[in-house]
Amino acid sequence: MLSGHASGRTGFLLVRRKLVERLRAQGISDPRVLAAFEDIPRHSLIPEVLWGQAYKDTALPIGDGQTISAPGVVARMTAALELEGPEKILEIGTGSGYQAAILSRLVARIISIERIPDLAHAARASLGRLGAQNVELFVGDGSGGRPEDAPYDGIVVTAGGPELPRPLLGQLALGGRLVGPFGPRGAQQLIRVRRVGETQFTQETLGPCDFVDLIGQNGWPA
Ligand code: SAH
């Protein structure tokens, strides 16, 4: 499986294509989303000792007690954002940078916040190698969003909070979508909120999920 180009774009291309087939079987149908998963070398965002598992549909450890989300979960959340291309997206919880890298192929601009400096630095290097120049990374507590760059066409929260952080709602553009996992530990639900009016929002539950903690002012206490 390891080729001479294992660390580059073409390394693992065949396994990546199999991953894309599995995502398609799980109901991911947007061709742009599937193309992004074929393009982004997930292995390049995780420690080399884990490369053999890079294209399994599981979360994997990335250090500091954090994980890179499973590809199926990232795909579900990406599809739920209903992206067309010109969007500006806020991501809360950069982690490995995988979700941000996928988004970099799908939208105009990504602002991503990570609270653990070491992870943010590693992700910045990985995203640089992938040529994801439309990702801006910030270190800090993103649980209250980033009002400076609002409004966002989409907000993706990739860590689980006890409840939806209220400040995020006001940072959504009209028609904007927020996707994230909320609820008690062990019983999180993935939800999608859509801003349909200045003060009107609709909410859908997309199914159970299991994310690491969203820690901060509008999340769990540290
Ligand atoms: N999107 C990531 C998933 C990483 S796991 C990926 O594709 O790999 C979630 C990340 O959220 C962790 O790195 C964690 O440190 C971070 N996190 C938790 N609470 C946060 C907060 N309040 N602000 C920013 N990042 C946070």
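**Pocket, nonpolar cores and aromatic pairs**

At 5% relative accessibility, Phe-12 falls under the 20% limit and therefore counts as buried. The structure is a predicted model, and this briefing covers its aromatic pairs, its nonpolar cores and its largest pocket. Phe-37 recurs in what follows, as a member of the largest nonpolar core and as a partner in an edge-to-face aromatic pair.

**Aromatic pairs**

- The count of aromatic pairs comes to 3.
- One of them joins Phe-12 and Tyr-55 in a tilted arrangement, with 5.6 Å centre to centre and 40° between the planes.
- This pair links distant parts of the chain, since Phe-12 lies in the segment before helix 1 whereas Tyr-55 lies in the loop between helix 2 and strand 1, 43 residues apart.
- Tyr-55 has a relative accessible area of 6%, and because this is under 20%, Tyr-55 is buried as well.
- Phe-37 and Tyr-98 form another aromatic pair, which is edge-to-face, with 5.9 Å centre to centre and 85° between the planes.
- Here too distant parts of the chain are linked, with Phe-37 in helix 2 and Tyr-98 in helix 4, 61 residues apart, and both Phe-37 and Tyr-98 are buried.
- Ring pairs also link Phe-12, Trp-51 and Tyr-55 into a cluster.

**Nonpolar cores**

- The largest nonpolar core holds 47 residues, of which Phe-37, Ile-46, Tyr-98 and Ile-102 touch the most other members.
- Two or more residues of this core come from each of helix 1 (13–25), helix 2 (31–39), strand 1 (60–63), helix 3, helix 4, helix 5 (117–129) and strand 5 (135–139), and helix 4 gives the largest share, 5 residues.
- Leaving aside residues up to four places away in sequence, Phe-37 touches Arg-16, Val-20, Leu-23, Pro-71, Val-74, Ala-75, Tyr-98 and Ile-102.
- A second, separate core has 17 residues, among them Tyr-152, Ile-155, Leu-164 and Phe-182.

**The largest pocket**

- The volume of the largest pocket is about 440 Å³.
- Its lining consists of 35 residues, and those lying nearest the centre of the pocket are Gln-66, Gly-93, Thr-158, Ala-159 and Val-212.
- By residue class, the lining divides into 17 nonpolar, 12 polar and 6 charged residues.
- At least two lining residues are supplied by each of strand 2 (66–68), helix 3 (71–80), strand 3 (88–92), helix 4 (98–104) and strand 4 (109–114), and the largest share, 3 residues, comes from strand 2.
- Helix 3 and helix 4 thus appear in the lining of the largest pocket and also give residues to the largest nonpolar core.

Notes. Residues are numbered from 1 along each chain as its sequence is written. This is a predicted model: local features need pLDDT of at least 70, side-chain atom pairs count only at pLDDT 80 or more; totals for chains, interfaces and linings use all residues. Side-chain values use heavy atoms; hydrogens and water are left out. On a 1 Å grid over the protein atoms alone, a cavity is a set of points where a 1.4 Å probe fits but cannot get out, and a pocket is an open set with protein on both sides within 12 Å along at least five of seven lines; lining residues have an atom within 4 Å of a point. Grid points are joined across faces, edges and corners, and a volume is the space filled by probe spheres set on the points. Helices (H or I, at least four residues) and strands (E, at least two) are DSSP runs, numbered from the N terminus. Ala, Val, Leu, Ile, Met, Phe, Trp, Tyr, Cys and Pro count as nonpolar, Asp, Glu, Lys and Arg as charged, and the others, Gly among them, as polar. A nonpolar core is a set of buried Ala, Val, Leu, Ile, Met, Phe, Trp, Tyr and Cys residues joined through side-chain atoms within 4.5 Å. Buried means under 20% relative accessible area, exposed over 50%, partly exposed in between (1.4 Å probe, protein chains only). Contact means heavy atoms within 4.5 Å. Rings of Phe, Tyr and Trp (its six-membered ring) pair if their centres lie within 6.5 Å; planes under 30 degrees apart count as stacked, over 60 as edge-to-face and the rest as tilted.
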